[in-house]
Amino acid sequence: MKSIIILLFGLLFLTSCGDCYQVVTGIVLDAETKKPVEGITVYNKNKPSIKTATDQKGKFELSNISGCLWKCPPIKVSFEHSNYQTKEVEIQEGEEMTIEIEIEKKSK
C-alpha cells in the first residue's frame, strides 16, 4: 500500500512538471508621441531565436514553450529597433502589456 501511495505522488509530481505553453501580447508606443511603432523586433531574451516584429498598429504576439514546476515563469522580452533604445521587460504568461520606448539619443 505504501509503495502505491509513493507511486501516485510521483506520477502527480511528474505530470505537474510538464511544458508551459506561453503567449504574451502587447503594443509598443513611442514614449514621446504615444503613437504605435511598427517594425520593433520583439524577442525572448533567453531564446533569441523566438522573435517577431510589431505590426503597423504597434501590436505583437510572442509565444514560448518552457519547463515549469507549478506555473509558467515570466518571459524576459527584449524590444529593439535602430532608431530606439533597447528595452527589456518581464511579461507574465497571458499578460497584455503596453511598452513605451524612447528614441535613441545620437551622440555628436
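**Group meeting: a seven-strand chain with one helix**

Buried residues make up 28% of the 108 residues in this chain. Keep in mind that this is a predicted model. The accessible surface comes to about 7,500 Å². Carbon and sulfur atoms hold 56% of that surface.

Now the layout. How many helices and strands are there? The chain has 1 helix and 7 strands. Along the sequence the pattern reads α-β-β-β-β-β-β-β. Take the contacts with a separation of 6 or more. Residues 24 or more positions apart account for 53% of them.

Next, the sheet. What is the strand order in the open sheet of 4 strands? The order is E3-E2-E5-E6, and the pairing is antiparallel. Strand E3, residues 47-53, stands at one edge, and E6 stands at the other. Each of the two has a single partner strand, so one side of each is left without a neighbour in the sheet. On average, neighbouring strands here are turned by 25 degrees against each other, direction ignored. As background, strands of a sheet pair through backbone hydrogen bonds, either parallel or antiparallel.

Let me stay with E5 and E6. They form a hairpin, with 2 residues between the strands. Their antiparallel pairing runs over 6 bridges. Two residue pairs to look at on screen. Val77 has Val89 in E6 as its bridge partner. His81 has Tyr84 in E6 as its bridge partner.

Now the core. The largest nonpolar core has 15 residues. Which residues have the most contacts inside it? They are Val28, Ile40, Val42, Val77 and Phe79. Several strands each supply at least two residues of this core: E1 (19-30), E4 (59-67), E5 (75-81), E6 (84-91) and E7 (96-101). In soluble globular proteins, nonpolar side chains tend to be buried together.

Take Ile40 from that list. Leave aside its neighbours within four places in sequence. Ile40 is then in contact with Val28, Phe79, Tyr84 and Ile101, among others. Its contacts also include Thr52, Ala53 and Thr54. Glu80 and His81 complete the set.

On to strand E2, residues 41-44. Two residues here deserve a look. Start with Tyr43, which is found in E2. Is Tyr43 buried or exposed? At 11% relative accessibility, Tyr43 counts as buried, because the cut-off is under 20%. The Tyr43 side chain makes a polar contact with the side chain of Glu80, at 2.8 Å. Beyond four places in sequence, Tyr43 touches Lys76, Val77, Ser78 and Glu80, among others. Pro48, Ile50, Lys51 and Leu62 are also in contact with Tyr43. One distance for reference: Tyr43 and Ser63 are 20 residues apart in sequence, and their C-alpha atoms are 9.5 Å apart.

Then Asn44, also in E2. Asn44 is buried, with a relative accessible area of 3%. What do its side-chain polar atoms meet? One of them lies 2.9 Å from the backbone nitrogen of Asn46. The Asn44 side chain also makes a polar contact with the side chain of Asn64, at 3.4 Å. Not counting residues up to four places away, Asn44 touches Ile50, Leu62, Asn64, Ile75 and Lys76.

Now a backbone point. Which residue has a positive phi although it is not a glycine? That is Lys34, with a phi of about 65 degrees. Lys34 sits in the loop between E1 and E2. Lys34 is partly exposed, with a relative accessible area of 45%.

Last residue: Met97, in strand E7. Met97 is partly exposed, with a relative accessible area of 22%. The cut-off for buried is under 20%, so Met97 does not count as buried. Where does the chain meet it? Met97 and Gly26 are 71 residues apart along the chain, yet their C-alpha atoms are separated by 4.5 Å. Leaving aside neighbours within four places, Met97 is in contact with Thr25, Gly26 and Ile27. Met97 also contacts Val89, Glu90 and Ile91.

To recap. The open sheet runs E3-E2-E5-E6. The largest nonpolar core holds 15 residues. Asn44 is buried, and its side chain has a polar contact with Asn64. Lys34 carries the positive phi.

Methods. Residues numbered from 1 in each chain as written. Predicted model: local features only at pLDDT ≥ 70, side-chain atom pairs only at ≥ 80, totals over all residues. Heavy atoms only, no water. Core = buried A, V, L, I, M, F, W, Y, C linked by side-chain atoms within 4.5 Å. Buried < 20%, exposed > 50% of the residue type's maximum accessible area, 1.4 Å probe, protein only. Contact = heavy atoms within 4.5 Å. Areas by Shrake-Rupley, 256 points an atom, 1.4 Å probe, with all protein chains shown as cover. Pairing = 2+ DSSP bridges. Axes fitted to C-alpha atoms, helices over the stretch in contact; angles between N-to-C directions. Polar contact = N/O pair within 3.5 Å; in protein donor to acceptor, adjacent residues only side chain to side chain.
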